[in-house]
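Work through the exercises below with the sequence and coordinates open. Each task is followed by a stepwise solution.

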Amino acid sequence: MIREVIVVEGKDDTVAIQRAVEADTIETGGSALNDMTIRRIALAQERRGVIIFTDPDHAGERIRKLIAAQVPGCKHAFLPRHEAIAKGDLGVENASPEAVRRALEQIRTEMPALHTELTWTDLVEAGLTTFAGSAERRRQLGERLGIGYCNAKQMLKRCAMFQIGREEFEQALHELEESNLTAQQQQKET
């Protein structure tokens, strides 16, 4: 049983969560968050804690930001896009129970201080912005860090929000490089 209440977008998402873990959910009913839903989420945060687990798309990110702005201190679970797609439909409801459990094992907690030792230069030097293939590298690194896909500006904000320091960032970047080298070697062998 997961102690926190998991905030999802709809009924199908609740079904997907409950196939994977025993947990209570609050459904936002889509992107039109009303005051009653926000009050329920705030009460859940106060009493048990909240994990925001929205779809890995624009609407899901919008909902995540709206909730986080109104209910501080939430935890966040991010599902990689490739694990949330079926028949052209993108959403938590399409994820396997294993993918849901992995995302919940990597939850991140918001920290009020928006300071990070990482800079824009770090992102450029890591090939995460301004280069061909930067978006794919950010996607891969976001998965490794458990913060989901985001543009470069959002990546800096999420690193600050989730207190990802230089050491954790560089370790994830190193693992990404190792993984990419292994994949390239395997391709050459075939």
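The exercises treat one helix and two loop threonines in a predicted model.

**Exercise 1.** Determine whether helix α7 is largely enclosed by the rest of the structure or not, and find what its buried residues pack against.

Solution.
1. Helix α7 covers residues 152-161. A residue is buried when its relative accessible area is under 20%.
2. The residues of α7 that are buried are Ala 152, Met 155, Leu 156, Arg 158, Cys 159, Ala 160 and Met 161.
3. Seven of its ten residues are therefore buried, so α7 is largely enclosed by the rest of the structure.
4. The packing partners of these buried residues are α3 (58-70), β7 (108-109), α5 (120-125), α6 (134-145) and α8 (166-189).

**Exercise 2.** Describe what is found at the start of α7 and just after α7.

Solution.
1. At the start, the backbone nitrogen of Lys 153 has a side-chain oxygen of Asn 151 within 3.1 Å.
2. Just after the helix, Gln 163 has a positive phi of about 55 degrees.

**Exercise 3.** Classify Thr 28 and Thr 129 as buried or exposed, and list their contacts.

Solution.
1. Thr 28 lies in the loop between β2 (25-27) and α2 (35-47). Its relative accessibility is 5%, so Thr 28 is buried.
2. Beyond neighbours within four places in sequence, Thr 28 contacts Val 7, Val 8, Glu 9, Leu 33, Thr 37, Ile 63 and Ile 67.
3. Thr 129 lies in the loop between α5 and α6. With 9% relative accessibility, Thr 129 is buried.
4. Setting aside residues up to four places away in sequence, Thr 129 touches Trp 120, Leu 123, Val 124, Ser 134, Arg 138 and Ala 152. Of these, Ala 152 is one of the buried residues of α7.

How values were computed: Residues are numbered from 1 along each chain as its sequence is written. This is a predicted model: local features need pLDDT of at least 70, side-chain atom pairs count only at pLDDT 80 or more; totals for chains, interfaces and linings use all residues. Side-chain values use heavy atoms; hydrogens and water are left out. Buried means under 20% relative accessible area, exposed over 50%, partly exposed in between (1.4 Å probe, protein chains only). Helices (H or I, at least four residues) and strands (E, at least two) are DSSP runs, numbered from the N terminus. Contact means heavy atoms within 4.5 Å. A polar contact is a pair of N or O atoms within 3.5 Å; within protein, one must be able to donate a hydrogen and the other to accept it, and residues adjacent in sequence count only if both atoms are side-chain atoms.
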